Amino acid sequence: MPVLRAPTLSLRIQTDRLSFSYPTTQQTVILGFVSNSFSTIGVDVFDYSLNVGSDGTIFIHEGVTTLTSFGTAVSTDVFKISREGSQIKYYKNGTVIRTTTANAALQLWAKVILRDNGQTTPTVTASFDAQLIITQRSPAQ
């Protein structure tokens, strides 16, 4: 007689979003995702990150690669980095400024580095959409 097994449940993150409003210059804000070295400090541990320097210069870090020429931030700008399926998207004021491909199965954690130089710390918002997947295993043989 076959033994019935309970269904397998898994939670798959479909979309991860991190965003912040850039309040002022004199601050550095680095916002992104890491897959390991979570306790290590520095931009080189980010798999994907958006960096606004203290002079307002906007950088994107992908692993050890630094990409520039994304302009300069002003105090009303809102930035977002989002994993959407197999893509990482970087936004400035709701407009995508870069899209890159990522492994959708890679487990990523949110990470933020703030260097405020005595300024008001920006508000950082995180949201995560998930999909519960239920699969039925075949009976034991």
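A residue counts as buried when its relative accessible area is under 20%, as exposed when that area is over 50%, and as partly exposed in between. Lys89 has a relative accessible area of 18%, so Lys89 is buried. The structure discussed here is a predicted model.

**Overall build**

The protein contains zero helices and 10 strands. Read from the N terminus, its elements run β-β-β-β-β-β-β-β-β-β. The chain has 141 residues, of which 35% count as buried. Its accessible surface comes to about 8100 Å², and carbon and sulfur atoms hold 52% of that. Among contacts with a separation of 6 or more, 61% are between residues 24 or more positions apart.

**Confidence**

The mean pLDDT of the protein is 75, with 66% of the residues at 70 or more. Of the elements, strand β8 (residues 95-101) has the highest mean pLDDT, 96, and β1 has the lowest, 58. The pLDDT is below 50 over residues 3-14, a stretch that has 36 contacts in the model beyond near neighbours in sequence.

**Nonpolar cores**

The largest nonpolar core has 19 residues, and Phe79, Ile81 and Ile88 are those with the most contacts inside it. Two or more residues come from each of β1 (8-21), β2 (28-34), β3, β4, β6 (78-84) and β7 (87-92). A second core, separate from this one, has five residues, among them Val34, Val45, Phe46 and Ile113.

Which residues does Ile81 contact, leaving aside its neighbours within four places in sequence? The list includes Leu18, Leu31, Phe33, Tyr48, Leu50, Ile88 and Tyr90. Asp16, Arg17 and Lys89 are also among the contacts of Ile81.

**Salt bridges**

The structure holds three salt bridges. They are listed below with the distance from N to O.

| Pair | N to O distance |
|---|---|
| Arg98 and Glu62 | 2.8 Å |
| Glu84 and Lys89 | 3.4 Å |
| Asp77 and Lys92 | 3.9 Å |

The pair of Arg98 and Glu62 links distant parts of the chain, since Arg98 is in strand β8 and Glu62 is in strand β4, 36 residues apart. Arg98 has a relative accessible area of 26% and is partly exposed, whereas Glu62 is buried at 16%.

In the pair of Glu84 and Lys89, Glu84 counts as partly exposed because its relative accessibility is 25%, which lies between the two cut-offs. Its partner Lys89 is buried.

Asp77 and Lys92 are both buried. Asp77 lies in the loop between β5 (65-67) and β6, while Lys92 is in strand β7, so this salt bridge ties together parts that are 15 residues apart in sequence.

**A glycine in a loop**

Gly56 is found in the loop between β3 (48-52) and β4 (58-62). Is Gly56 buried or exposed? With a relative accessible area of 0%, Gly56 is buried. Not counting residues up to four places away in sequence, Gly56 touches Tyr22, Gly71, Thr72 and Ala73. The C-alpha atoms of Gly56 and Ser75 are separated by 9.0 Å, and these two residues are 19 residues apart along the chain.

**A nonpolar patch on the surface**

Val112, Leu114 and Val124 form a nonpolar patch on the surface. Together they have about 190 Å² of accessible area. Val124 has its place in strand β10 (residues 124-135). Its relative accessible area is 32%, so Val124 is partly exposed.

Conventions. Residues numbered from 1 in each chain as written. Predicted model: local features only at pLDDT ≥ 70, side-chain atom pairs only at ≥ 80, totals over all residues. Heavy atoms only, no water. Patch = residues over 30% accessible without salt bridge, like charges linked within 9 Å, V, L, I, M, F, W, Y side chains within 5 Å. Areas by Shrake-Rupley, 256 points an atom, 1.4 Å probe, with all protein chains shown as cover. Salt bridge = Lys/Arg side-chain N within 4 Å of Asp/Glu carboxyl O. Helix = DSSP H or I, 4+ residues; strand = E, 2+ residues; numbered from the N terminus. Buried < 20%, exposed > 50% of the residue type's maximum accessible area, 1.4 Å probe, protein only. Contact = heavy atoms within 4.5 Å. Core = buried A, V, L, I, M, F, W, Y, C linked by side-chain atoms within 4.5 Å. pLDDT = per-residue confidence, 0-100.
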